[in-house]
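Q: Please take a close look at one part of this structure, the interface between its two sides. I am new to it, so explain each term as you go.

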Amino acid sequence: MRIVVASGKGGTGKTTVATSLAQVAAERDAVRFLDCDVETPNAALFLHPRLDVHRDVGIRVPRVDPQTCNACGTCAEICRFNAIAVVGETTLVFDDLCHGCGSCTWMCPEQAITEHLLVTGSIDSGTTPDGIAFARGMMNVGQAMGMPILRELKKSSPALSPTMTVPPRRTLEIRDAPPGASCPVVETMRGADFVLFVTEPTPFGLHDLKQVAAIARELGLPAGVVINRDGIGDAAVDAYCVESDLPILLRIPMDRRIAEAIAAGSTLVEANLDDRHRFRALLERILAEVTV
Amino acid sequence: MKQLVILSGKGGTGKTSVVAAFAHLASAGPFAGQVILADADVDAANLELVLHPKRLDTEPFRGGEVAVIDEDQCVQCGDCESICRFDAIVETDAGWIVDPVACEGCAACVHQCPTASIAMQEQTVGEYAYSDSLYGPLHHAHLYPGQESSGKLVTEVRQRACRQALDEQRPLVLIDGPPGIGCPVIAAVSGADLALLVTEPTVAGLQDLRRALQTLRHFGVPALVCINKADVYPVGAQGIDAYCRANGIDTVARVPFDPSVPGAMVAGAAVTAYRPDAPASLALSAVWQQVVAVLAKDLPGAAPAATVGDAARNNPD
Amino acid sequence: MNVAISIAGQTPDAPFDARFGRAESFCVVDTDTGAWTFHANPALSASGGAGVLAAQFIARLGAQAVVSGAYGPKAHRTLSAARIECFLAPGNEARSAAEILDAFNSGRLTPADDATHGGHHGD
C-alpha cells in the first residue's frame, strides 16, 4: 500500500502531514518513508532518521575513446539534446546537456563510446527512532534534473526495521511529493495506491490543488484532501472538493502554537497528543478509501 | 535594465504575496509605468490571482518531442522496452505504448526499433500568455499538469519580458520565481541582477534557504534575504540571521505574521493595496525601499564559485 | 576567408542578431570574393544545446571566423575545437550584416577569447 502526500502549492503542510501520518502508522504497521522532494527534502528534520547508508546516484554519460573514434558524427546526429558535438576530427561531450539515454553508446558504429556515472545527487537511508525505514533523495546544488534521482529513490526500498515487538499488520509506504504539478510529481505518484492532497483554503491553495488533482485523476488514483490552516481563507476549496468528489479527510485549524511547534521541528502528533487520534482515524479512512 | 527575481527554495513562504506587493508599490513610486512583470512559477502560476490580467495574447507552448508507437507496424518484440532507461514503454492489453509523461524524448527506442514503428512527435505542453495587468504588463505561462521542461517555458517567459523591457526602455523586470533549486529555478535566476529570497523562520525554511543561496552563488547572482512570519519562531529567525551574516548576506528585513496576508489573497489583492497600514504591508514597503536602493547601486556581480557543475562544463573529458 | 555573422533575416541589409545559438539566421561571406550565402539557423528550435548545434552548423558551412554578440561556454568550446575564431560585435545598436562585415574587415571587432557568459539553462 503506497500513499503519496502531495499539494501543488508549496508550504501547505505536506511534510507536516506526511511525517505525522508515518509516525502513527508506525505504531502498528511496517512503514517505509520516501522523501521525494529531491530539490528541497525536509522530512528528515522531523523524523530524525539515522542515515547510515549513503549512495551516490546520477546518470550514465558517454566517454569517447579518441583512439577508436573516427569522427563520423553519428553520435552528434542522433543526440536529441545536443550533448555531443563533432567538429573536424574532434568529438566533444557536454555532460550538463546529457540525459543519460544511452543512444550514442548503442549507435556508435566504432563502439568507441563507454559510459560512466556522472553523480548528480545521492540517496541516504536509515531508520528513525519510531522504527520507520527512511530514504531521501537529494539533488546536488547546481544540477538541473532531479528525475534520475527520484527514479533511483523509488527503486531503493530502504530495509524495514526488524525491531517491532508485534508483527506488523500491514506494510505501508509513504511518499512525500515535491511541490508543483510537473513531471516529478507524476513520477512520485506513479505506482502509488492513494494520493493525499494537503492544501490551504486560499485561492492559491485551490488553484494549485486543481493542478495536482488533475494528475491523480489522469493516473486513475483515488484521492482525499487535508485542509491545513483551516479558517484562514474562504470556502472555495470545500466547494471544489464537493463538486469533484474529493473527500475531505482531515481539517487542521490555523493555530499559532502548531505553527511554532512545526517551525521548531516537531511533527503535529508530537506537538499535540490529540492529533494522534485524528491521524489514526485519517490513516484508517485512507485505507478504507482504497479498498472501496 | 535590471532583473529582480523573488525566490524561496521552500514553497509557501509567501513569495508571490511579496511579488504582488512589490508590483503594487512599484506602480506608484518612481518606478510607475517602468516595470515589466514575469511569473516564472509556471506550474503553480498564482500571480495572476492577484494581478487580474487581461489577456492580450496566448500562444501554445511546445515542449520536447515524445515517442509514439505505430501499433499497426509494431511486432510486439519489446526491444524498445528493454532499452528505455526512463521506464516510459508500458505494456497494455493492446500492446506496447509510450507513456508520454515518462518519455524523456531521447529517441533511443526510435533508433532501436527493428521495424521502424516508432516516431517522435512534438507535444503542446502548456501555453504562454501576455497580459495587461493591474500593475503593468505581465508575461506568464501555464504548464499543463504533469508536463516536463518547465525550465524551457520559464526561459521563454523571462526572455519575452526582458525583450519588452529593452524595447520600451523600462528599467526593471520583476520575476516571481519557482520553488526548489532545479531546472526552472536555474532558468529563472541565471543572469539576473538580484535575487530576493523570501524565507520563513522554520527548520525547513532554513535548510531550503541554504540550498537556494548555494544555487544563487553557483550562478553568480547576488542575494538578499527577507524573513516572512519572522515572529512565529524568533529562535528560527535568529538562526537565519546568523547563517546569513556568516555567509556575507544582508538580511534586509523581517515581515511579521499578519492575517492580512491571507486576507488579501482571498480578496485577490496585493496586501499593500488591501490594507496599506497592516503590519505586513508596512514591513513590505520598507523591504521594497531597501531593494530599490540595492538595485540602484551598480551591483558588482558575485563571482561564481568553482563547483562540480563548472568543472563538468569546462572539462567533461 | 569565410566569416559567418549572426543575423535576423536573409539579406546583407538584415539586422545583426546578437544572440549566437538562438540567432535567426547566419550569413557566410567569402572575404576574398565578396560572395554571400544565407542560412536559416537549425538550432533556433532546439530545446537544449542551441549553441552547440549552431557551432557545428557554422563549422559545416566552412567558416573560419564568426561574429556574434555573445558566446556561451559550450558554443565557445565547440567553435574553438573547430578552429573558428570568435569575434564580438555590440548588440545594442541596430546595424546591418553589411556594416558588421565592414567592421570585421577593418579589424574593429574584439576577439572573444573566452565565453562571454555563464551559459543558459532550460533553453
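A: What follows covers the contact between chain B and chain A, then turns to salt bridges and cavities.

This is a predicted model, so local features need pLDDT of at least 70, side-chain atom pairs count only at pLDDT 80 or more, and totals for chains, interfaces and linings use all residues. Residues are numbered from 1 along each chain as its sequence is written, chains are lettered from A and ligands numbered from 1 in the order in which they are written, and side-chain values use heavy atoms, with hydrogens and water left out.

Start with the contact (heavy atoms within 4.5 Å). Chain B brings 64 residues to it, and chain A brings 63 residues. About 5600 Å² is buried between the two chains, and carbon and sulfur atoms give 58% of that. Buried area is the accessible area (1.4 Å probe) that two parts lose on being put together, summed over both. In chain B, the residues that lose the most area to chain A are B:Arg85, B:Arg211 and B:Met265, together 13% of what that side buries.

Next come the polar links. Between chain B and chain A there are four salt bridges. A salt bridge is a side-chain nitrogen of Lys or Arg within 4 Å of a carboxyl oxygen of Asp or Glu. B:Asp99 forms a salt bridge with A:Arg190, and their closest N and O atoms are 2.6 Å apart. Side chains of opposite charge can pair when their charged atoms come close.

Which elements build the side of chain B that touches chain A? Those that each supply at least two residues include α1 (15-26), β7 (136-143), α7 (203-218) and α9 (260-267) of chain B. Helices (H or I, at least four residues) and strands (E, at least two) are DSSP runs, numbered from the N terminus. α7(B) gives the most to this side, with eight residues.

Salt bridges are not confined to the contact just described. The structure holds 38 salt bridges over all chains. One of them joins A:Arg2 and A:Glu173, with the closest N and O atoms 3.8 Å apart. This pair links distant parts of the chain: A:Arg2 lies in strand β1 (residues 2-6) of chain A and A:Glu173 in strand β8 (residues 171-176) of chain A, 171 residues apart.
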